[in-house]
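Let's take a walk through this protein together, one piece at a time. Keep the picture open while you read.

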Amino acid sequence: MENYGRLDPATGTSSRVRDFLDRMDEVIDFAIRGEADLTVFAGDAFKHRDPEPTQQREFAQRIKRLADHMPVLLLVGNHDMPGQAARASSVDIFQALQVPGVIVGSKSEGRVLDTRRGPLFLAWLPYPMRNRLLSDPEHAGKSIDELESALRTHAVDILADLARQAAGHAMPRLLAAHLSASEARVGSERLVMLGKDVSLSTSALADPVWDYVALGHIHCHQEINHGRPPAVVYSGSLERIDFGEEDEPKGFCWVQLARGQTTWEFVPVAARPFRTIRADVRHAEDPTHAILSELAKVDVAGAVVRVVITLRADQAAAVRDREILPALSAAANVSLYRQIEDEVRTRLGHENPESLTPIELLEGFFRLRGEDDERRRALVALAGEILAADVQAGEAPSSTEG
Ligand SMILES: [Mn+2]
């Protein structure tokens, strides 16, 4: 993820990609220092399935360093996956080169893995992808809802089969999966995915046969089995993707895996902070002075910062960027947003915005932001789903499927 970054001429990579690599180094240093027996990477190595060579090299160097010390499972997430099954994922190269210690989880599987402190049963399920079902003639002509239901059944069947296999092994058992659990809180990745995502209920994952369930896909760290065994845990992303994740801690999970006695902890990493500073200066005599005094309250050192300034149209000339920006020189990245009172109405292109529906307002907002037609339609469709889901939740509070 390169947003809020700038190109670092010394290394040829985005400063934000460097942040992710630095966090990865933190995890690897911790794992090696702590003599970990296994590393589970729960998917989505890159933003796209065709990462640029520099990013591939930096990722590969780190995986190699880790794999020299312990086995590493690289689970394949949706961002790593090609649309067609015959094409390679962004991490298949590790399999092709048979890098010792690296297991690429491109197809679901369970196996006994020997580690320096003994064997465990390790199973994994990569992202359940709708496109893969489409190639099966059994599903030809099905609607999107029917496909979604078929895909969910398919994933649940695989999980049940992996659990049956695990039950035959009297040793610690770990399941890794890359998917949405319907009880999980989601954030900005909802927009990143821009499409419908099949979600499974936590009960399909929380089979007591497992000692720990490691999940990838959702950026927000959370445990979704309410503290009951097994822990079902999204480690979350190592860095923030956008301001929606401003208040989320970032890190990884350190697990002491034992049959029936697993313990785990969340270990925070030094992810780059994101800070939103709001300055409503509509009633200020000197708007620039008022903004500067808001800025002085916040530690912006090294942070990705956005300043949202609310002002009157006649104050525009009194907000002086050349005085504001130097006050933010310690920040890693700065964006200034001006919200001008009254202008909001005319910008929406409607004399009476109060008469617009929430969806129409949102459509107008995305238009103003300059989103292209295709993305705008996708965003509005997603918003429609979210609004509809809220209505459903209100009608049937006992339902956990959303
Ligand atoms: Mn994902």
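Two strands count as paired if DSSP finds at least two bridges between them. With that in hand, look at strand S6 (residues 109-115) and strand S7 (residues 118-125) in this predicted model. S6 and S7 pair in the antiparallel sense, over seven bridges. To pick out one spot along that pairing, find Glu109: its bridge partner in S7 is Trp124. How many residues does the hairpin between S6 and S7 use? The hairpin joins S6 to S7 through two residues.

Stay with S7 for a moment. Strand S8 (residues 173-178) runs parallel to S7, and five bridges join the two. Here you can look for Leu125, whose bridge partner in S8 is Ala177. So is S7 mostly covered or mostly open? S7 is mostly covered, with six of its eight residues buried. In general, strands of a sheet pair through backbone hydrogen bonds, and the pairing can be parallel or antiparallel.

Now move to another sheet. Three strands make up an open sheet in the order S3-S4-S5, and the pairing is parallel. At its edges you'll find strand S3 (39-41) and strand S5 (102-105), each pairing on one side only. Neighbouring strands in this sheet are turned by 15° against each other on average, ignoring direction. S3 pairs with strand S4 (residues 72-75) over three bridges, and Val40 has Leu73 in S4 as its bridge partner.

Something also packs on this sheet: helix H2 (residues 53-67), which touches S3, S4 and S5. The direction of H2 makes about 145° with that of S4. You can even check the length of H2 yourself: at 1.5 Å a residue, its 15 residues should span 21 Å, and its end C-alpha atoms are 20 Å apart, which agrees.

Which residues of H2 are buried? They are Gln55, Glu58, Phe59, Arg62, Ile63, Leu66 and Ala67. Looking down the axis of H2, these buried residues fall within an arc of 165°, so they line one face of the helix. An α-helix has 3.6 residues a turn, so residues three or four places apart point the same way. As for what covers the buried residues of H2, the list includes helix H1 (15-33), S3, S4, helix H3 and S5.

H1 deserves a look of its own. H1 has 19 residues and reaches 27 Å from its first C-alpha to its last, close to the 27 Å expected at 1.5 Å a residue. Its buried residues include Val17, Leu21, Met24, Val27 and Ile28. Among the elements covering the buried residues of H1 are S3, H2, S14 and S16.

Next, find the manganese ion. Which residues hold its protein donors? They are Asp44 (OD), Asn78 (OD1), His178 (NE2) and His217 (ND1), lying 2.0 to 2.2 Å from the ion. Asp44 sits in the loop between S3 and H2, while Asn78 sits in the loop between S4 and helix H3 (92-96), so the pair ties together parts that are 34 residues apart in sequence. How open are these two? Buried means under 20% relative accessible area. Asn78 has 13%, so Asn78 is buried, whereas Asp44, at 21%, is partly exposed.

Two more loops are worth a stop. Arg185 is found in the loop between strand S9 (180-181) and helix H6 (189-193), and at 53% relative accessibility Arg185 counts as exposed. Leaving aside its neighbours within four places in sequence, Arg185 is in contact with Ile218, Cys220, His221 and Gln222. Ile241 lies in the loop between strand S13 (231-234) and strand S14 (251-256), and Ile241 is buried, with a relative accessible area of 6%. Ile241 and Arg16 are 225 residues apart in sequence, yet their C-alpha atoms are 9.5 Å apart in space.

One last sheet finishes the tour. This open sheet also has parallel pairing and three strands, in the order S16-S17-S18. Strand S16 (274-280) and strand S18 (333-340) are the edges, each pairing on one side only. Strand S17 (residues 304-311) pairs with S18 over eight bridges, and Thr310 stands opposite Gln339 in S18. Finally, helix H8 (residues 287-295) lies across S16 and S17, running at about 145° to S16.

Key. Residues numbered from 1 in each chain as written. Predicted model: local features only at pLDDT ≥ 70, side-chain atom pairs only at ≥ 80, totals over all residues. Heavy atoms only, no water. Helix = DSSP H or I, 4+ residues; strand = E, 2+ residues; numbered from the N terminus. Axes fitted to C-alpha atoms, helices over the stretch in contact; angles between N-to-C directions. Contact = heavy atoms within 4.5 Å. Donors = N, O, S within 2.8 Å, 3.2 Å for Na, K, Ca; no water. Buried < 20%, exposed > 50% of the residue type's maximum accessible area, 1.4 Å probe, protein only. Expected span 1.5 Å × (residues − 1). Arc of directions from axis to C-beta.
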